[in-house]
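Dear colleague,

Please find the structure below, followed by a short account of what was found in it.

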Amino acid sequence: MTAPARVIDIENLSLTFQTNDGPVHALSDIDLAIGEGDFVSLIGPSGCGKTTLLRVIADLEVPTGGSISVNGMTPSQARAKRAYGYVFQAAALYPWRTIADNIALPLEIMGFAKGEREERIRRNMELVNLAGFERKYPWQLSGGMQQRASIARALSFDPDLLLMDEPFGALDEIVRDHLNEQLLKLWAKTRKTVVFVTHSIPEAVFLSTKIVVLCPRPGRIYDVIESDLPRERTLDIRETPEFLKIAHRVREGLRAGHSYDD
Ligand SMILES: Nc1ncnc2c1ncn2[C@@H]1O[C@H](COP(=O)(O)OP(=O)(O)OP(=O)(O)O)[C@@H](O)[C@H]1O
């Protein structure tokens, strides 16, 4: 079996923000390889650079040192080629547009013809189990449904890479569990590569093929855990010794990198 192609290659990457209070070392000495079809979670305490790392991949921040390639290109080339879809913590849907019209937005910007737009809206709404809600407005949907709509929007132009910044962080645990299961099914069906930011240990372990534990000041990688759980999982897996072992290692990493002075 050949090794999966590299989608993201990060070497010795750093990013220092210059602020009025002096430099902030948001990322330091980051080395990370993400293969095609991987589901990678970034987990760590507040301020350890999770969002900054995701934004570097998305070309929304420019590193101050080291190198990064996305699909073999610079992040800016990858962004120009629409290599990724981005899902934010808040669903960020336009309240004056229907769900279908929100999903259509990137397609309109990219100049897709009307028929193709409609087909993609239909396909992606089905993928996130929102068929039938096309004409609703975002405020008529629950928080979980809104997040599913924003995932459909990120997938509408069929990027190979999905970047997700704590998409389910604001939802209650039962809804989050349900969306985690749906996201895994969607990942299995679409074979996307996913980079997912979370604060939740069970969420990271349940979803990921690889878990990256970060620690702050400066933001750096403390541990990278390759999961040996089967790719097809249901929530019951959280009771198994294999799951608990990985969760334990993540917790140890978080504890080691944590400062209780905050
Ligand atoms: N534009 C910016 N200018 C200055 N400092 C910044 C900027 N963006 C982030 N930072 C700082 O960089 C560090 C990392 O921030 P980042 O938001 O990436 O952390 P995080 O791990 O995603 O945190 P959280 O879990 O709270 O979202 C923090 O100290 C933050 O204050």
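**Shell around the ligand**

Thirteen residues surround the ligand, and those that come nearest among the 13 are Phe17, Ala26, Ser46, Thr51 and Thr52; a residue is near a molecule if its C-beta atom, placed from the backbone, lies within 6 Å of it. Two or more residues each are given to this shell by strand E1 (6-19), strand E2 (22-35) and helix H1 (50-57), where helices (H or I, at least four residues) and strands (E, at least two) are DSSP runs numbered from the N terminus. H1 gives the most, with three residues.

This is a predicted model: local features need pLDDT of at least 70, side-chain atom pairs count only at pLDDT 80 or more, and totals for chains, interfaces and linings use all residues. Residues are numbered from 1 along each chain as its sequence is written.

**Helix H1**

Six of the eight residues of H1 are buried, so the helix is largely enclosed by the rest of the structure. A residue is buried if 20 or more other C-beta atoms, placed from the backbone, lie within 10 Å of its own. The buried residues of H1 are Lys50, Thr52, Leu53, Leu54, Val56 and Ile57. Just after H1, Asp59 takes a positive phi of about 65 degrees.

**Protein chain**

The protein chain has eight helices and nine strands. Buried residues account for 41% of its 262 residues. Along its principal axes, the C-alpha trace spans about 50 × 45 × 45 Å.

Yours faithfully

Conventions
Buried ≥ 20, exposed ≤ 12 C-beta atoms within 10 Å, placed from the backbone.
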